[in-house]
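Subject: Handover of a structure

Dear colleague,

Please find below the sequence and structure that I am handing over to you. My notes on salt bridges and on one strand residue follow.

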Amino acid sequence: MRIRRKPWVRPELEACPFCIKKPFENKNKWNGMFGNSNPLHIELGCGKGGFISKLAPLHPEINYIAVDIKSEMLGLAKRKIEKEYADAGLEIKNVLIFAQNIEMIDEVFGENDVIDRIYINFCNPWPRKKHKKHRLTHPRQLQKYRTFLKDGGEIRFKTDDDGLFEDSIAYFEECGFEIKYLTKDLHSSGFEENIPTEHENMFSEMGIPIKFLIAVKK
Ligand SMILES: C[S@@+](CC[C@H](N)C(=O)[O-])C[C@H]1O[C@@H](n2cnc3c(N)ncnc32)[C@H](O)[C@@H]1O
């Protein structure tokens with residue numbers, strides 16, 4: 001996704017208390033970053049933050065980390081998080097954000113981090129064969145997530161893309177995950193916990209059904 005450079009982003013993220021500037025320094029220490037022992041959920045590729053900013057204030061009993069490769073996206077996510085917490089009259093205590101290339105996620109999360117759930121929403125489908133290894137659900141990535149996702153922990157994955165979805169089902173099974181829930185039309189499935197993302201709203205308005213699955217680490 002193209003996004004214009006915004007001069008306010010860097011200084012705002014620099015000053016933001018819930019934005020981690022050097023995430024690799026916290027490798028293997030993430031669970032201790034919130035001052036409690038609540039479960040930790042992460043969103044990979046959070047984009048403009050529409051999902052995490054709605055989800056996190058609803059669940060003060062869960063800690064969240066949202067990651068995106070682009071600082072511009074993270075800046076927009078930061079503002080959305082601040083607005084949602086302000087509207088709810090809450091202090092921002094259970095969310096951290098940082099910029100990182102998820103293909104190198106093993107530089108920031110390690111085997112001593114205990115993650116209960118991972119959200120991957122509308123990641124790039126990388127349709128060409130030679131690019132498929134960049135998919136955030138590719139086995140190369142799933143093996144990395146397994147090092148810090150606890151046994152019985154979940155990956156919740158949504159996409160508009162049929163090819164990516166079908167391939168990902170096979171990736172999850174190949175990498176020791178059990179598919180606990182699957183729908184090829186989330187919005188008419190009766191699944192109640194859903195929080196739509198920016199891309200989800202866009203694809204949905206175009207009439208494209210949203211594919212969704214929950215994969216559990218065996
Ligand atoms: C299509 S957008 C989806 C954004 C949001 N999850 C949504 O559903 O609206 C994909 C997002 O993933 C981020 N992204 C893509 N590749 C990434 C990578 N390797 N590491 C971290 N973020 C990545 C992009 O910057 C972008 O914000």
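Is Lys54 buried, partly exposed or exposed? With a relative accessible area of 41%, Lys54 is partly exposed, because values from 20% to 50% fall between the limits for buried and exposed. Please bear in mind that this is a predicted model.

Lys54 also takes part in a salt bridge: its side chain meets that of Glu84, at 3.1 Å from N to O. Since Glu84 belongs to helix α3 and Lys54 to helix α2 (residues 50-58), the pair ties together parts that lie 30 residues apart in sequence. Glu84 has a relative accessibility of 21% and therefore counts as partly exposed.

Helix α3 appears in a further pair. The side chains of Arg79 and Glu12 form a salt bridge with an N to O distance of 2.5 Å. Arg79 sits in helix α3 (residues 71-88) and Glu12 in helix α1 (residues 9-15), so that distant parts of the chain, 67 residues apart, are linked. Arg79, at 37% relative accessibility, is partly exposed.

Another salt bridge joins Asp162 and Lys211, whose closest N and O atoms are 3.2 Å apart. Here Asp162 is part of helix α5 (residues 162-174) and Lys211 is part of strand β7, so the pair ties together parts that are 49 residues apart in sequence. The two partners stand on opposite sides of the accessibility limits: Asp162 counts as exposed at 51%, whereas Lys211 is buried at 3%. In addition, salt bridges with shared partners bring Arg117, Glu154, Arg156, Lys180 and Glu193 together in one network. In total, the count comes to 19 salt bridges. As a general point, side chains of opposite charge can pair when their charged atoms come close.

Strand β7 (residues 211-217) also contains Ala215. Ala215 has a relative accessibility of 0% and therefore counts as buried. Which residues does Ala215 touch, not counting those up to four places away in sequence? They are Gly153, Glu154, Ile155, Phe172, Phe177, Glu178 and Ile179. One of these, Glu154, is also a member of the salt-bridge network described above. Ser53, by contrast, is 162 residues from Ala215 along the chain, and the C-alpha atoms of the two are separated by 23 Å.

With kind regards

Definitions and conventions
Residues are numbered from 1 along each chain as its sequence is written. This is a predicted model: local features need pLDDT of at least 70, side-chain atom pairs count only at pLDDT 80 or more; totals for chains, interfaces and linings use all residues. Side-chain values use heavy atoms; hydrogens and water are left out. Helices (H or I, at least four residues) and strands (E, at least two) are DSSP runs, numbered from the N terminus. Buried means under 20% relative accessible area, exposed over 50%, partly exposed in between (1.4 Å probe, protein chains only). Contact means heavy atoms within 4.5 Å. A salt bridge is a side-chain nitrogen of Lys or Arg within 4 Å of a carboxyl oxygen of Asp or Glu.
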